[in-house]
Amino acid sequence: MQSYVNGLGLGASLIMAIGAQNAHVLRMGIKRQHVVLTVTACIAIDVVLIALGVAGAGAMIQDSPLLLAAARWGGAAFLLWYGLRSWRSMLTPKSLAAGTAAAAPDARQALASVVALSLLNPHVYLDTVVLLGSVGGSYPDGQRLGFSAGAMTASLLWFTALGFGATRLAGFFGQPMAWKCIEGLTGAVMLALAAGLLFS
């Protein structure tokens, strides 16, 4: 139980920070577009990465300069593109309606978007595979499962609350100025993350 609580606490402290995944889930929840799919995909990705990290993948990535460099530069490029796209949407009047049906992606596009945003963002690997994996891997064999389950529970609770909680704000963010703020904030978060990767 103690290892479960430790995993839950550490997982929550990492996942609740403002990041690319959280901004995307918030955005999809506000727009009420494929919320179940987006939330489920984020949880599934976290579960797989946490399991891989605790199983030993975290140590392998940490010891490979090539893998770290690929994650850094590839992730920075993707976050830069996503941030600029959000700022362009902020300046385009026709994209400001949060519930515009014509702008809604289909299920395949929504899934591809959340998977790319998750797996091309190196912060996801650093938080789940490297950090959670390193801490979880340091536990005795009998406690690793409890730690992993705790971290996975944090992901389940957070993304569910964020995605479905955001749908309650859809009416407010249907206002053009409020939606501009969301697009601007999303773009700022993505560009800040990209800058952090490039200049760290």
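This section describes the fold, helices, selected residues and confidence of a predicted model.

Residues are numbered from 1 along each chain as its sequence is written, and side-chain values use heavy atoms, with hydrogens and water left out. In this predicted model, local features need pLDDT of at least 70 and side-chain atom pairs count only at pLDDT 80 or more, whereas totals for chains, interfaces and linings use all residues.

The protein contains 9 helices and 0 strands. Its elements run α-α-α-α-α-α-α-α-α from the N terminus. Helices (H or I, at least four residues) and strands (E, at least two) are DSSP runs, numbered from the N terminus. Of the 200 residues, 43% count as buried. Buried denotes under 20% relative accessible area, exposed over 50%, and partly exposed in between (1.4 Å probe, protein chains only). Among contacts with a separation of 6 or more, 87% join residues 24 or more positions apart. A contact requires heavy atoms within 4.5 Å.

The protein exposes about 9,900 Å². Carbon and sulfur atoms supply 72% of that area. Accessible areas come from the Shrake-Rupley method with a 1.4 Å probe; for residues, only the protein chains shown count as cover. Trp73, Leu198 and Phe199 form a nonpolar patch on the surface. Together they have about 370 Å² of accessible area. Patches are made of residues with over 30% relative accessible area and no salt bridge; like charges are joined within 9 Å, and nonpolar side chains (Val, Leu, Ile, Met, Phe, Trp, Tyr) within 5 Å. A salt bridge places a side-chain nitrogen of Lys or Arg within 4 Å of a carboxyl oxygen of Asp or Glu. Leucine 198 belongs to helix α9 (residues 176-199). Its relative accessible area is 30%, so leucine 198 is partly exposed.

Helix α2 (residues 20-31) has 12 residues. Its end C-alpha atoms lie 17 Å apart, in agreement with the 16 Å expected at 1.5 Å a residue. The expected span is 1.5 Å times one less than the number of residues. In α2, 11 of the 12 residues are buried, so the helix is largely enclosed by the rest of the structure. The buried set includes the charged-type names Arg27 and Lys31 alongside Val25, Met28 and Ile30. Valine 25 lies in α2. At a relative accessible area of 1%, valine 25 is buried. Beyond its neighbours within four places in sequence, valine 25 contacts Thr38, Val39, Cys42, Phe159, Leu162 and Gly163. Valine 25 and cysteine 42 are 17 residues apart in sequence; their C-alpha atoms are 8.5 Å apart.

The loop between α2 and α3 holds arginine 32 and histidine 34. Most residues other than glycine have a negative phi. Arginine 32, just after α2, takes a positive phi of about 55°. It is not a glycine. Arginine 32 is exposed, with a relative accessible area of 56%. Histidine 34 also has a positive phi, near 50°. Histidine 34 is partly exposed, at a relative accessible area of 28%.

Aspartate 46 sits in helix α3 (residues 35-62). Its relative accessibility is 4%, so aspartate 46 counts as buried. Leaving aside neighbours within four places in sequence, aspartate 46 contacts Ile15, Gln21, Val124, Thr128, Ser155 and Phe159.

Helix α7 (residues 141-166) has 26 residues. It reaches 39 Å from its first C-alpha to its last, close to the 38 Å expected at 1.5 Å a residue. Its buried residues are Gly146, Phe147, Ser148, Gly150, Ala151, Met152, Ala154, Ser155, Phe159, Leu162, Gly163 and Ala166. Alanine 149 also lies in α7. Alanine 149 is partly exposed, with a relative accessible area of 29%. The C-alpha atoms of alanine 149 and valine 47 are separated by 8.7 Å, although the two residues are 102 apart along the chain.

Confidence varies along the model. The mean pLDDT of the protein is 76. Of its residues, 76% reach 70 or more. The score is the predictor's confidence in each residue, from 0 to 100. Among the elements, confidence is highest in α7, at a mean of 86, and lowest in helix α8 (residues 170-173), at 68. Over residues 94-102, pLDDT stays under 50. The model has 15 contacts beyond four places in sequence for residues 94-102.
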